[in-house]
Amino acid sequence: MKLTSSWQHQGLFVPILHDDRSVGCVYLLCDLSDLNAKLRTSGFVVLSLLVALCLISWWVAGRLQRVVSGPVQNLVDTMGEVGRNDDYSLRAKKQGRDEIGLLVDGFNRMLAQIEENRQELVDHQRSLEETVAKRTEELRQLVSVLEIARQQAESANEAKSQFLANITHELRTPLIGVLGMNELMLRTDMDEQQQMLAATVQTSGEDLLTLINNVLDFSKIEAGKLQLEREEFALYQVVEEVAGLLAGAAEKKGLSLYCRIPLRATIRVLGDKLRVRQILMNLVGNAIKFTEQGSVSINIDCECEASGR
């Protein structure tokens, strides 16, 4: 069997066999003109349909692009402009009432809310800056007033210290003269009553001089000019002087005032004799003042170091 074909015809050769011998053949020939015509017509129709479908698809795509891509691109452009210029007053243009339109409405509402919150933040910041500036100005004025008050207080304190220093110096001069004349008078011949009165005047004058010296020391302390002296003196003698001056006050309260001074404590020491005397006067005076009964004693002792000092 043999098949032959061409564009116009198709042939088939079939041999006829008898006892395995070819005795003839059958040849079939088919005309393909009608089939080719039908195929050409079908191909044209299919091609025409494909072209028509392409055109329809292109038209539909254009319509869909205007409906979908246009609003989306407009939304993207608006977002980019907002991000570049930091301007939240811009709004996306709504082109329909579909889902994309709802998306544009939501985006615009978000921009409006951001703009409102930002404006509130700007107003709050401006109000805060104004409040801070106002408080700063009030604080500056308060600091200025306090500085003036401080200067006035320092001036008043300095004037007070200067006044105390001046007045104590002025008081000490005539008082020292009085004490000097009274001491000279004590050396003259006087009866017992006159001697007692002069001694009372001497004691009262010395107490007054001590008080004036205390006021002067107070003014020096305030002015930062108080200096401790370093001189050699007998501590036990200062104790005995203080005890002698305060013995009368102790006797009036019915108290006994004792001084216990061992022999090893009768050495001379280095220090400020006047300040030690003032401290002892205050301590022993307070002890007498706050002791109701019994006695007040002043004890001195000496502790030697290994070096013998």
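Five helices and seven strands: that is the secondary structure of this protein. Keep in mind that the model is predicted. Read along the sequence, the order is β-β-β-α-α-α-β-α-β-β-α-β.

Two overall figures next. The protein has 309 residues, and buried residues make up 18% of them. Now take the contacts between residues at least 6 apart in sequence. Of these, 62% join residues at least 24 apart.

Let's go to helix α4. The helix covers residues 235–252, which is 18 residues. Does the length add up, and what should we expect? At 1.5 Å a residue, α4 should span 26 Å. The end C-alpha atoms are 26 Å apart, so the expected span and the model agree.

There is a bend, though. Where is the bend in α4? Look at Leu246: α4 bends there by about 45°. Leu246 is also one of the buried residues of this helix. The others are Val238, Val239, Val242, Ala243 and Ala250.

What do the buried residues of α4 pack against? Three strands and a helix come up here: β4 at 231–234, β5 at 256–260, β7 at 295–299, and α5. After α4 comes Gly254. Its phi is positive, near 75°.

Now the largest pocket. About 270 Å³ of space lies in it. Twelve residues line this pocket, and the closest to its centre are Leu209, Thr210, Asn213, Leu274 and Arg277. Which elements give two or more residues to the lining? They are α3, residues 192–223, and α5, residues 273–289. Helix α3 has the largest share, with seven residues. By type, the lining divides into six charged, three polar and three nonpolar residues. Note that α5 has come up twice: it helps line the pocket, and buried residues of α4 pack against it.

Two single residues to finish. First, Leu270. Find it in strand β6, residues 268–271. Is Leu270 buried or exposed? The cut-off for exposed is over 50%. Leu270 has 51% relative accessibility, so it counts as exposed. Leu270 still has contacts beyond its neighbours within four places in sequence: Arg230, Glu231, Glu232 and Phe233. There is a C-alpha distance to add here. Leu270 and Glu229 are 41 residues apart along the chain, and their C-alpha atoms are separated by 9.0 Å.

Second, Val72. This residue sits in helix α1, residues 33–85. Its relative accessible area is 36%. Partly exposed lies between the 20% and 50% limits, so Val72 is partly exposed. Across the chain, take Gly101, 29 residues away from Val72 in sequence. The C-alpha atoms of Val72 and Gly101 are separated by 9.5 Å.

To recap: α4 bends at Leu246, α3 gives seven residues to the lining of the largest pocket, and Leu270 in the model is exposed.

Methods. Residues numbered from 1 in each chain as written. Predicted model: local features only at pLDDT ≥ 70, side-chain atom pairs only at ≥ 80, totals over all residues. Heavy atoms only, no water. 1 Å grid on protein atoms, 1.4 Å probe; cavity = no way out; pocket = protein on both sides within 12 Å on 5 of 7 lines; lining within 4 Å. Points joined across faces, edges and corners; volume = space filled by probe spheres on them. Helix = DSSP H or I, 4+ residues; strand = E, 2+ residues; numbered from the N terminus. Nonpolar A, V, L, I, M, F, W, Y, C, P; charged D, E, K, R; others polar. Expected span 1.5 Å × (residues − 1). Bend = angle between axes of the 7 residues up to and from the residue. Buried < 20%, exposed > 50% of the residue type's maximum accessible area, 1.4 Å probe, protein only. Contact = heavy atoms within 4.5 Å.
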